[in-house]
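The report below is meant for someone meeting this structure for the first time. It moves from single residues to the surroundings of the ligand, and then to the loops and the cysteines.

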Amino acid sequence: MTRHALPPNATIGIVGGGQLGRMSAMAAARLGYRCYILTPEPDSPGQQVSAGITLGEFEDPAALRDFAAHVDVITFEFENVSAEGLDLLASLKPVHPSPAVLRISQDRIAEKSFVNAAGVPTAPWRPVETLAELQAAVADLGLPSILKTTRLGYDGRGQTRLRTPDDLAPAFEALLPRPLILEGLVDFACEISVIVARGADGAMSAFDAVENRHRDHILDLTFAPARIPDATAAEAQRIARLLAEALDLVGLLAVEMFVASDGRVLVNEIAPRPHNSGHWTIDACPVSQFELHIRAIAGLPLPAAVRHSDAVMKNLVGPAEMALWPEIVATPGLIPHLYGKAEARAGRKMGHVNRLFPRGALPGEYGVAAALGVLGTAAADSEE
Ligand code: AMP
């Protein structure tokens with residue numbers, strides 16, 4: 001343990017009250033830490049399992065100062081927090097990851113510029129300020145392509161696929177704020193992610209690459225490990241470690257990547273926080289992504305990010321999947337997690353389910369659907 005390790009019973013401040021903060025707080029509690037939340041939302045998933053809360057806006061200096069006064073070290077659980085607010089916090093208490101890392105991940109142009117500068121490929125992209133720039137960018141990158149807002153996009157919000165020249169003007173008018181970013185469409189074989197933890201001493205620990213399947217732009221299933229060639233998995237790990245190093249990260253970094261149909265690995269997005277595609281680690285690994293996050297920001301040693309089991313994670317999204325809850329908790333082998341959200345609105349992540357398999361025995365598509373029981377059937381139905 002380093003000299004600067006956070007002692008037991010210290011308080012970790014988490015900016016944001018969502019499920020990522022909730023599961024981080026649960027991991028912190030096991031290590032003997034308390035968590036204290038800053039969120040504008042009453043009765044948030046994070047607050048329900050934390051020692052205390054400052055109820056206030058992320059931009060409100062009084063709320064930020066009150067929050068900082070209650071904690072020993074600060075982290076954040078989602079990226080749409082104000083970077084200026086995080087700067088103020090960093091003037092009061094240690095903040096990990098740093099506001100500089102947050103700024104890069106908040107803006108798709110800054111993010112892709114950073115990734116490319118580190119020597120890592122992405123989809124081809126162009127910044128777009130005006131309709132004329134969009135027309136020039138489409139002339140470069142071709143159609144179809146994807147026009148995205150640069151900030152505050154998540155779960156497919158703030159992006160439109162451009163298929164014909166007639167799509168340009170309406171898409172440009174609809175997407176705000178500008179600048180926007182145009183991305184060439186990647187012909188991908190699959191989407192994968194790697195989650196890496198990095199300590200202040202530069203030590204790193206990375207989980208194996210996993211495969212992610214989306215439905216309606218929201219993560220639906222994660223297969224751990226990804227069923228990709230060893231060389232591709234090694235390349236994905238190399239990229240994640242390289243980016244964590246280049247960011248001088250202290251904390252956790254999730255790197256979402258495309259495996260292109262020609263086998264190349266391209267970065268789509270980075271997120272300096274726990275990630276939905278790492279929820280399987282709670283049950284399949286001795287040390288989960290949430291524990292590695294807490295260890296990294298607390299200055300504790302980082303154990304190897306190994307798994308004792310293969311796993312599939314299925315998200316529970318919206319009222320239809322929540323309605324299956326009684327059957328889910330009655331199904332042996334399904335490991336349920338709920339986030340304590342009062343209302344199951346459409347598209348809202350309410351919880352997830354993990355299903356474990358012996359290492360090396362992750363079944364194929366039909367085996368996974370069968371192993372998910374009522375959720376496997378639901379997933380198959382909704383894809384029709
Ligand atoms: P994002 O919000 O950038 O993570 O995009 C959401 C989803 O849209 C991704 O997980 C992909 O399935 C798809 N997508 C985004 N960008 C591209 C791209 N350049 N090429 C192909 N698919 C993309």
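I239 is a residue of helix α8, which covers residues 230-246. In this predicted model, the relative accessibility of I239 is 0%, so I239 counts as buried, the limit for that class being under 20%. Although a residue can be followed along the chain, its place in space is a separate matter: I239 and G85 are 154 residues apart in the sequence, and their C-alpha atoms are separated by 30 Å.

A second buried position is found in strand β4, residues 73-76, where T75 is located. T75 has a relative accessible area of 1% and is therefore buried. Its C-alpha atom is separated by 27 Å from that of K148, a residue 73 positions away along the chain.

K349 belongs to strand β17, which spans residues 349-358. What is the relative accessible area of K349, and is this residue buried or exposed? The value is 14%, and K349 is therefore buried. The side chain of K349 also has a polar partner, since a contact of 3.0 Å links it to the side chain of N276.

**Domains and the ligand**

The domain assignment divides the protein chain into domain 1 (11-95), domain 2 (124-184) and domain 3 (188-381). Between the C-alpha centres of domain 2 and domain 3 there is a distance of 29 Å. Both of these domains take part in the shell around the ligand, each of them giving at least three residues to it.

The ligand is surrounded by 15 residues, and the closest of them are R108, K148, Q159, V186 and E191. Sorted by class, the shell holds 6 nonpolar, 4 polar and 5 charged residues. Four strands, namely β6 (145-149), β8 (180-184), β9 (188-198) and β14 (265-271), supply at least two residues each to this shell. Three of the side chains that place a polar atom beside the ligand are set out in the table.

| Side chain | Ligand atom | Distance |
|---|---|---|
| E183 | nitrogen | 3.0 Å |
| N268 | oxygen | 3.1 Å |
| E269 | oxygen | 3.1 Å |

Taken by itself, the ligand would expose 480 Å², and the protein buries 93% of that area.

**Helix α5**

R108, which is among the residues closest to the ligand, also belongs to helix α5, residues 108-117. In this helix R108, I109, E111, K112, F114 and V115 are buried. At the start of α5, a side-chain oxygen of D107 comes to within 2.8 Å of the backbone nitrogen of I109. Just after the helix, G119 adopts a positive phi of about 90 degrees.

**Backbone details in the loops**

Where do the cis peptide bonds of P179 and P225 lie? P179 is placed in the loop between α7 (168-174) and β8, and the bond that leads to it from R178 is cis, with omega near 5 degrees. P225 lies in the loop between β12 (218-224) and α8, and the bond that joins A224 to P225 is cis as well, with an omega of about 0 degrees.

Positive phi values also occur in residues other than glycine. N9, in the segment before β1 (11-15), has a phi near 75 degrees and is not a glycine. D43, in the loop between β2 (34-39) and β3 (52-55), has a positive phi of about 55 degrees, although D43 is not a glycine either.

**Cysteines**

How many disulfides does a search of the whole structure find? The search finds 0. A disulfide is a covalent bond between the sulfur atoms of two cysteines. For C285, the closest cysteine sulfur is that of C190, and because the two sulfur atoms are 19 Å apart, they are too far from each other for a bond. C285 is also buried, because its relative accessible area is 5%, under the limit of 20%. C35 likewise counts as buried, because its relative accessibility is 3%.

How values were computed:
Residues numbered from 1 in each chain as written. Predicted model: local features only at pLDDT ≥ 70, side-chain atom pairs only at ≥ 80, totals over all residues. Heavy atoms only, no water. Near = heavy atom within 4 Å. Polar contact = N/O pair within 3.5 Å; in protein donor to acceptor, adjacent residues only side chain to side chain. Areas by Shrake-Rupley, 256 points an atom, 1.4 Å probe, with all protein chains shown as cover. Nonpolar A, V, L, I, M, F, W, Y, C, P; charged D, E, K, R; others polar. Domains from an automatic or database assignment. Buried < 20%, exposed > 50% of the residue type's maximum accessible area, 1.4 Å probe, protein only. Disulfide = S-S within 2.5 Å.
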